[in-house]
Amino acid sequence: MARQVKRAFRYRFYPTDEQAAELARTFGCVRLVYNRALEERTRAWYGERRRVSYVETSAMLTTWKKTEELAFLAEVSSVPLQQALRHLQTAFTGFFAKRAKYPRFKSRKKSRHSAEYTRSAFRWHDGELALAKMSEPLSIVWSRPLPQGAVPSTVTVSRDAAGRWFVSILCTDTVARLEPVEQAVGVDAGITSLVTLSTGEKVTNPRHERRDRERLTRAQKVLSRKAKGSKNRDKARRKVARIHARIADRRRDFLHKLSTRLVHDNQVVVIEDLNVRNMVANHSLARVISDAAWRELRSMLEYKADWYGRELVVIDRWFPSTKTCSQCGTITQTMPLEVRDWECGGCRTRHDRDVNAAKNILAAGLAVSACGADVRPKRRKPGGRLVTKQETQPVMVGLPRL
Ligand SMILES: [Zn+2]
């Protein structure tokens with residue numbers, strides 16, 4: 001069975017000088033509009049407890065364009081500016097729903113430079129893409145083909161800190177659902193390895209990661225020694241940015257392969273709520289796997305599971321996966337980070353710390369999974385009963401809690 005999904009395809013492109021200038025101007029206006037609207041919304045929220053709507057900010061934009069000070073906003077395509085206001089609206093929706101923090105201002109140095117164009121602001125013809133206010137199409141490196149007959153619905157142009165230009169093209173694609181399989185897997189965020197699976201497999205960080213990180217440390221040292229505002233400092237900064245970009249690219253590749261394999265091989269994939277990892281943050285963990293990598297892996301698993309008809313289960317944040325024996329359910333009171341393997345006081349089973357945690361994550365996930373009745377956990381609870389779906393409502397009944 002096939003289904004239609006929205007899918008983004010990202011490519012590098014090389015702008016002409018004229019295009020680069022137009023885009024830089026647009027990025028600046030996008031940032032300004034976003035920040036101004038955020039300022040207005042903040043004033044209304046903190047001053048009067050009043051929520052400003054997208055429509056109101058859109059009306060403000062119209063007024064700004066008519067002032068002498070901000071007349072230049074009318075010179076770039078209006079679509080990316082409207083999109084910035086929509087993004088801000090989304091950020092506030094998340095904030096009011098208590099899903100996200102209060103939106104932050106975009107900074108010229110730290111924020112990603114980007115502009116989003118919807119259908120009315122670009123031309124797509126014979127595989128050529130031209131943005132509003134530009135005469136020539138973008139010179140895109142088609143590193144992989146767009147799906148046959150694809151029509152882009154949204155185009156996002158960005159420039160990273162290393163000065164590379166990207167265009168991300170959103171279009172509808174057809175993906176075939178995979179045949180159902182019986183396997184299920186629990187995934188634990190490791191300390192010594194990137195992830196550990198309930199099968200006992202440890203997925204380590206790619207080998208180049210460490211070398212890249214060493215290079216990064218060196219480049220950062222060089223940068224810190226350069227005088228502020230000097231040409232050399234600029235050069236050193238670019239080098240740091242290039243290494244960062246390479247780490248991110250390679251990591252993304254790696255995570256794509258990993259998430260595809262997990263979704264392909266398993267009907268159910270169980271992970272812990274990754275936010276937990278921030279709360280119980282320890283620095284060695286933070287260094288090996290950055291938060292960004294985790295968010296990336298989770299979101300890849302989310303959409304790939306959805307595409308291919310698999311299930312991703314995200315389990316409770318305070319589940320003591322590390323301290324619980326996956327054989328008999330006995331909880332060990334303390335489990336310092338340096339303990340790599342341990343023996344259960346209840347059943348004398350010897351556990352690898354991470355594999356045991358992954359097994360617990362799997363069992364907890366299957367207990368709440370929609371497919372839980374078909375894919376039964378092999379684990380027995382302390383009483384010796386098999387965990388079945390009926391017994392596990394609500395979430396985690398029967399599983400010991402801290
Ligand atoms: Zn035990």
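## A walk from helix 2 to the zinc site

Let us start with Thr-57: leaving aside neighbours within four places in sequence, this residue is in contact with Ala-37, Arg-41, Val-52 and Leu-85, where contact means heavy atoms within 4.5 Å. Keep in mind that this is a predicted model, in which local features need pLDDT of at least 70 and side-chain atom pairs count only at pLDDT 80 or more, while totals for chains, interfaces and linings use all residues. Residues are numbered from 1 along each chain as its sequence is written, and side-chain values use heavy atoms, with hydrogens and water left out.

Thr-57 lies in helix 2. Helices (H or I, at least four residues) and strands (E, at least two) are DSSP runs, numbered from the N terminus. Is Thr-57 buried or exposed? Thr-57 counts as buried because its relative accessible area is 1%; the word buried means under 20% relative accessible area, exposed means over 50%, and partly exposed lies in between (1.4 Å probe, protein chains only).

Leu-85, one of the contacts of Thr-57, takes us to helix 3, where Leu-85 is among the buried residues. Others buried in helix 3 include Val-79, Pro-80, Leu-88 and Phe-92. What do the buried residues of helix 3 pack against? They pack against helix 1 (17-48), helix 2 (54-66) and strand 2 (113-118).

You can check the length of helix 3 yourself. At 1.5 Å a residue, its 19 residues (78-96) should span 27 Å, and the end C-alpha atoms are 27 Å apart, so the two agree; the expected span is 1.5 Å times one less than the number of residues. Just after helix 3 comes Lys-98, with a positive phi near 60°.

Now look for the zinc ion. Its coordination comes from the SG atoms of Cys-325, Cys-328, Cys-344 and Cys-347, at 2.2 to 2.3 Å. Donors are N, O and S atoms within 2.8 Å of the metal (3.2 Å for Na, K and Ca); water is not among the atoms, so sites may look incomplete. Along the chain, the donors follow the spacing C-x2-C-x15-C-x2-C. Cys-328, in the loop between strand 11 (311-315) and strand 12 (341-343), and Cys-344, in the loop between strand 12 and strand 13 (350-352), are 16 residues apart, and this pair links distant parts of the chain. Both Cys-328 and Cys-344 are buried; Cys-328 counts as buried because its relative accessibility is 18%.
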